[in-house]
Amino acid sequence: MRLVLLTSRNLKRRPLRTLLTVLGVASAMLLFVLVESLSAGLDAALSGSAAARTLIVYRQNRYCPQTSFLPERYQRLIADVPGVLSVLPVKVFLSNCRASLDIVVFQGAPPAELLKTRELELVSGDLARFEDQSDGALVGREFATRRRLAPGDRFRFGGIDVNVAGVFRSSEPVEEGMVLTHLEYLQRVGPVDRLGTVTQFEVKIDDPAHGQDIAREIDARLRTAEEPTDTRPKLAFLETATRDLREILRFGRWLALACVAVVLALVANTVLMSVQERVKEFGVFRTLGYRPSRVVALVLGEALLLGASGATLGLAAALVIIRTQHLSIGSEGVPVSFLLCGAVVARGALAALGAALLAAALPAWNAGRREIVASLRSA
Amino acid sequence: MAFIELAGVTKTYTKGEVEVVPLRDVTLAIEAHEFFVLLGPSGSGKTTLLNLIAGIDRPQQGTLRVGGVELGKLSSGRLSDWRAENLGYVFQSANLVPVLTAYENVELPLGLFPLSRAERHRRVLLALEAVGLSDRAAHLPRQLSGGQEQRVAIARAIVADPPLLVCDEPTGNLDHESAEVVLALLDRLNQERKKTIVMVTHDPRAAAHGTRRMVLDKGRFRPEEPTR
Ligand SMILES: Nc1ncnc2c1ncn2[C@@H]1O[C@H](COP(=O)(O)OP(=O)(O)OP(=O)(O)O)[C@@H](O)[C@H]1O
Ligand SMILES: [Mg+2]
């Protein structure tokens, strides 16, 4: 009946205790949700639909885009390999090669080829303007939101100063965190002696099943060239680039688990105290005709309310932090953003409510089956 | 058949090695609409007897019938339902829920019945009116005097209109004036609403309100000694 009224009033009985518990649960859930969002962001980054049909040609034994220089003329050599549909030369420029927050990734490629190869869908702006202006740039939707960029804006970073011609959506989430420019523009920003070089080639192939063979053939043909190459399917490339992040996230899983344990301990402590204070009251309820199950429900309801309030607060805080702090962790040129998606919210809610229920299970059970007469006799 | 019938009821409490027998082979009959007063020295088993009649405790031996129902045969859940429908219990202290208003406290037992909101409202107002506290509905227990709290507790006991009221020293914590108000209220509930009342008291003046008095001593009954 008035279960909700009763439980919410009971939490007001000790407002400070309730507040502290809710704040504690909220902090734990904030951490939980941040870890889970980053993990979801990483999964999304690796989940591009085109990844299977794409190979990445990179300088052998180089990992940071800042150190991979391949002659632009490789483009034709690679295009000759059987099974290759197209080759896109890409120059990558980034703010920081190591894992860092708020990374900025530029990719420069010949505009016409870029638009043909990548599956981009313009959200706002003008493609023609991008092609016409040598300092034109297309900004990924996620990056645009994070940096509040719109067509017509200028975006400056380091020695780069580009003109935002449009904002795009992509079938590959990673790209939505990037800025795409003309190849020549990025080449001019780099060191003079590297003018004719690119960072990598993106190779579209006809059959994903032949990916390994084609990659081997490309590397074989360029083995004796001045810069030997290392060609891999894009997915494997992304996995290597983000391996540090995934290591950190494996540790993050333990953090998330610890967060759930914190929620459990906090709620258990509060519910235990609350039940102990109200032994006599539960005796009165039972005398009035409340069945043991109702008393159990009353205690569980209180725990759920604590868990739900804490989870809501924690989620809201996570949302605010992710939205306002421009968080994007980059690793070797792959930007990974915090993805607060439905699945993460659901997991957070489930973790908080599950921990709360578990925490209250024993005190609730004890409160329900305690003898009425003994309850009434207690102070 | 009497409304309340106890036959050969024995209640034992075991605490480790020590065994306490507050009630030994008690037999008692209370008619419907009686205002039965239970007297006796402290520790003589009065509360124990009241709890058995109220269906919140069970005897080890003997049978116990209230309103034709043998309480010992009911499961714990059914006994809960029985209490909701048949019993109003008034404790020595009001035992109100401190975070609920007088109105909400009185409404508590009604949550166990499938009643519309409007019907619940009507009954709560009637109960509060019966105890003369209609104007205190929105007050929290701590905003009420001890006597008023006890009257709210009585309203809570009668809101579901049970035939039986058990009261364990209902005036034990009250000053003389408040006690008289509560006792007059019980008189009215007995006479006008035909409630069967079983009341435990130490106060001879309170006992005088009863239609019958019995003294429990060392787990057995003896009639009241004539007062002079
Ligand atoms: N749960 C219990 N466990 C052990 N002993 C109990 C329990 N309840 C009551 N007793 C014992 O049973 C005896 C009768 O107790 P009861 O509360 O019925 O007395 P009472 O007549 O109501 O006394 P008072 O007038 O002081 O309220 C006492 O000796 C008491 O210690
Ligand atoms: Mg007593």
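**A ligand site shared between two chains**

Ligand 1 is surrounded by residues from chains A and B, and the site is therefore shared between chains. The structure described here is a predicted model, for which the scores are an ipTM of 0.95 and a pTM of 0.83. In chain A the mean pLDDT is 89, with 96% of the residues reaching 70 or more, while chain B averages a pLDDT of 93, and 98% of its residues score at least 70. Among the elements of chain A, the lowest mean pLDDT, 76, belongs to strand E13 (residues 328-331) of chain A, and the highest, 96, belongs to helix H11 (residues 279-288) of chain A.

The shell around ligand 1 was examined next. Of the 14 residues around the ligand, those that come nearest are Arg377(A) from chain A, together with Ser42(B), Lys46(B), Thr47(B) and Thr48(B) from chain B. By residue class, the shell around ligand 1 consists of 7 polar, 4 nonpolar and 3 charged residues. Two elements of chain B, strand E2 (18-30) and helix H1 (46-53), each supply at least two residues of this shell, and the largest share, 3 residues, is contributed by H1(B).

Several contacts between chain B and oxygen atoms of ligand 1 can be described individually. An N or O atom in the side chain of Thr48(B) lies 2.6 Å from an oxygen atom of ligand 1, and Thr48(B) is also one of the residues that come nearest to the ligand. The backbone takes part as well: a polar backbone atom of Gly45(B) is found 3.0 Å from an oxygen atom of ligand 1, and for Ser44(B) a backbone N or O atom is placed 3.2 Å from an oxygen atom of the ligand. Of the 630 Å² of accessible area that ligand 1 has on its own, 73% is covered by the protein. With regard to the surrounding space, the region taken by ligand 1 is the largest pocket.

Taken together, the site combines residues of chains A and B around ligand 1, with H1(B) providing the largest share of the shell and with Arg377(A) representing chain A among the residues that come nearest.

Notes
Residues are numbered from 1 along each chain as its sequence is written. Chains are lettered from A and ligands numbered from 1 in the order in which they are written. This is a predicted model: local features need pLDDT of at least 70, side-chain atom pairs count only at pLDDT 80 or more; totals for chains, interfaces and linings use all residues. Side-chain values use heavy atoms; hydrogens and water are left out. pLDDT is the predictor's confidence in each residue, from 0 to 100. Helices (H or I, at least four residues) and strands (E, at least two) are DSSP runs, numbered from the N terminus. A residue is near a molecule or strand if one of its heavy atoms lies within 4 Å of it. A polar contact is a pair of N or O atoms within 3.5 Å; within protein, one must be able to donate a hydrogen and the other to accept it, and residues adjacent in sequence count only if both atoms are side-chain atoms. Accessible areas come from the Shrake-Rupley method with a 1.4 Å probe; for residues, only the protein chains shown count as cover. On a 1 Å grid over the protein atoms alone, a cavity is a set of points where a 1.4 Å probe fits but cannot get out, and a pocket is an open set with protein on both sides within 12 Å along at least five of seven lines; lining residues have an atom within 4 Å of a point. A molecule sits in a cavity or pocket if more than half of its atoms lie within 2 Å of its grid points. Ala, Val, Leu, Ile, Met, Phe, Trp, Tyr, Cys and Pro count as nonpolar, Asp, Glu, Lys and Arg as charged, and the others, Gly among them, as polar.
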